[in-house]
Amino acid sequence: MSHAPAAAAAPALVPTHCPYCSLQCGMNLRGSGNPATAVEVVERADFPVNRGALCGKGRTAPAVLSSRVRLTGPLVRSPATGRLEPATWEEALRATADGLRRTRAVHGADAVGVFGGGGLTNEKAYALGKFARVVLGTSQIDYNGRFCMSSAAAAHQRAFGLDRGLPFPLEDIPRTGCVILVGSNLAETMPPALRHLTELKENGGSLVVVDPRRTRTAEQADLHLAPRPGTDLALALGLLHLVVAQGRTDEAFIRDRTTGWEEARAAAMAHWPELVERITGVPVPQLRAAAGLFCDAPAAMVLTARGPEQQSKGTDTVGAWINLALATGNAGRPLAGYGCLTGQGNGQGGREHGQKADQLPGYRKIDDPAARAHVAGVWGIDPETLPGPGRSAYELLDALGRDVKALLLMGSNPVVSAPRAAHVEERLRSLGFLAVADVVLSETAELADVVFPVTQWAEETGTTTNLEGRVLLRRRALSPPEGVRSDLEVLHGLAALLGHGKGFPADPEEVFGELRRASAGGAADYSGISYRRLEEEQGVFWPCPQAPEPHPGTPRLFLERFATADGRARFVPVSHREAAEETDAEFPVVLTTGRVVAQYQSGAQTRRVAELNAAAPGPFVELHPRLAARLGVADGDPVAVVSRRGRAVAPARVTETIRPDTVFMPFHWPGAGRANTLTNPALDPTSRMPEFKVCAVRLEAARG
């Protein structure tokens, strides 16, 4: 296989998209004339999501292309030294094929696991799922997107029969009347999106932000509700109680377009305002004000993010917010609805095409006989040979070294990003064989037996699907270093060594063509989308079936019917319950976690960019002055945060913008300040989402 010389930048502007969050902001790339970065980012004002605006991560993204910070050749662990040593591609591929084959032969197919990432392109996610099920024959595949949007996805499916992050384009947000934004600090996590909320207010609309911290986003709100972490479910039920009590439900919409209202109504009426105030800490007058703003608007939206979703009751919590939207008729009509602000760059597409434990391409269920028959026909195999559902992400990681003896991991860094991270690191170390494909030598890659250096966004062509359900084309702008190959080439090479010389092409457009056929007729139907269309249009919204006439795509879902069997949205009765781990005398404070503007996810890439590190050099513990005074610590003093799972130490950041009973830590760093050492892996029973956002801790001064 031939490879072009490194850093051969295209001279013209190449339109593409940012490698980071789910906005997938448009940008242009051109040769920089600087050998350290090869390309530079140029504004792309015509893309409607960001209209040229970029955050610091997007603007500095070319810095990670530098050979000084990335992997440029395969590594294989030496039996003699125990260290990762440079190797040829042939040696790395053969060592991996041998490790996977040997494990299967001794322990069976399900002793081999596959773990993917929400940053992989649609083509890679599709090929990885196919590789797991066809080549390895394993059911043990999941991805880190389980840690991101799975609770919202499950609630979407229960209520609407379909999961797409936003059922409308972002451009609709400024034109609605009220937005309730729950558990999102998008001013830091996706800064270019803030303009949509700014324009909402400029147009006379109102913004309600629900967050235990007064974040940069909350500062923009007309009303900020600061509930105790883990009580968002009670808050939503309390608002619905007020809507019912005040006679502000949309009875015609409920009658004509929904089912299950009486049971959901009864559940909400058990959560009267004074009870909700005791649970959440949000005063009753603020509850009434929020309900008033929402109901007074001619159209309104509820948008959730990780705050309410990363809980052991995340699916029910999102369901309660959906019930509020349905009860007021704010769904299935223009400029209204419920939406989830998907996190990772391809978090949406990554869960649609087979990378998830229970899914096949097109958002098909793996235990559906018709779905199995369709996908098996595309793959040219017997449906009976397809494995069934496997473990969810944390359950898969927890099984490493016991039931799962070997792991192929692509585009994820669970040593930093997984809950109960010290335990996950221990499980990774216990594996008989670990192969990692990544851009950089992440903390997880450092544990591997084989490390594959793979291409980045600017060095490859492929599609992603942003939070709107808009399928986009990233275009290759330069060639990778000579020793670097794409994830598709890795899978192609491994499949050939494992007896599958056909069926795993390395060309992304060829893979996308097969993905289109596999998704045809599914919920996430891409069959009417082609690379040519994506080049000519500003993305195409799925579902977009193949038809005699070109399908325009579906920017707005549910306007005529919901995607359920009877076309009606479903109310789901839910009731408040406590977090899996409540505070007590030993652990009296609540820890919640999140992101900062200059870092991204596990930080594996952004921590290698000098400008971003200067802005966010390391972890911290955000705490209220009253709590700091009780500990006797000042701003900048080291603080130990201790949970039932471990201990983390970071400098104190004393601020009045957080509740006195709560502390906050960002999760981008490894080592002593690793926030996920502390977090609770208690799982939502439906989505299998871990409870990242709520755990009980105690604080200790850590001087010396």
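Here is a short conversation about reading a helix, a sheet and a core in this predicted model.

Biologist: What should I know before I start?

Modeller: The model is predicted, so local features need pLDDT of at least 70 and side-chain atom pairs count only at pLDDT 80 or more, while totals for chains, interfaces and linings use all residues. Residues are numbered from 1 along each chain as its sequence is written, and side-chain values use heavy atoms, leaving out hydrogens and water.

Biologist: Is helix α7 mostly covered or mostly uncovered?

Modeller: Helices are DSSP runs of H or I with at least four residues, strands are E runs of at least two, and both are numbered from the N terminus. Buried means under 20% relative accessible area, exposed over 50%, partly exposed in between (1.4 Å probe, protein chains only). In α7, 13 of the 14 residues are buried.

Biologist: How are the strands of the open sheet ordered?

Modeller: Strands of a sheet pair through backbone hydrogen bonds, either parallel or antiparallel. Two strands count as paired if DSSP finds at least two bridges between them. Here seven strands follow the order β5-β4-β18-β17-β16-β6-β7, with mixed pairing. β5 and β7 stand at the edges with a single partner strand each, so one side of each has no neighbour in the sheet. Strands β17 and β18 run parallel, joined by four bridges, and Asp-438 stands opposite Pro-453 in β18.

Biologist: Which residues have the most contacts inside the largest nonpolar core?

Modeller: Such a core is a set of buried Ala, Val, Leu, Ile, Met, Phe, Trp, Tyr and Cys residues joined through side-chain atoms within 4.5 Å. The largest has 167 residues, and Trp-321 and Phe-452 have the most contacts inside it. Helix α7 gives the most to this core, with nine residues.
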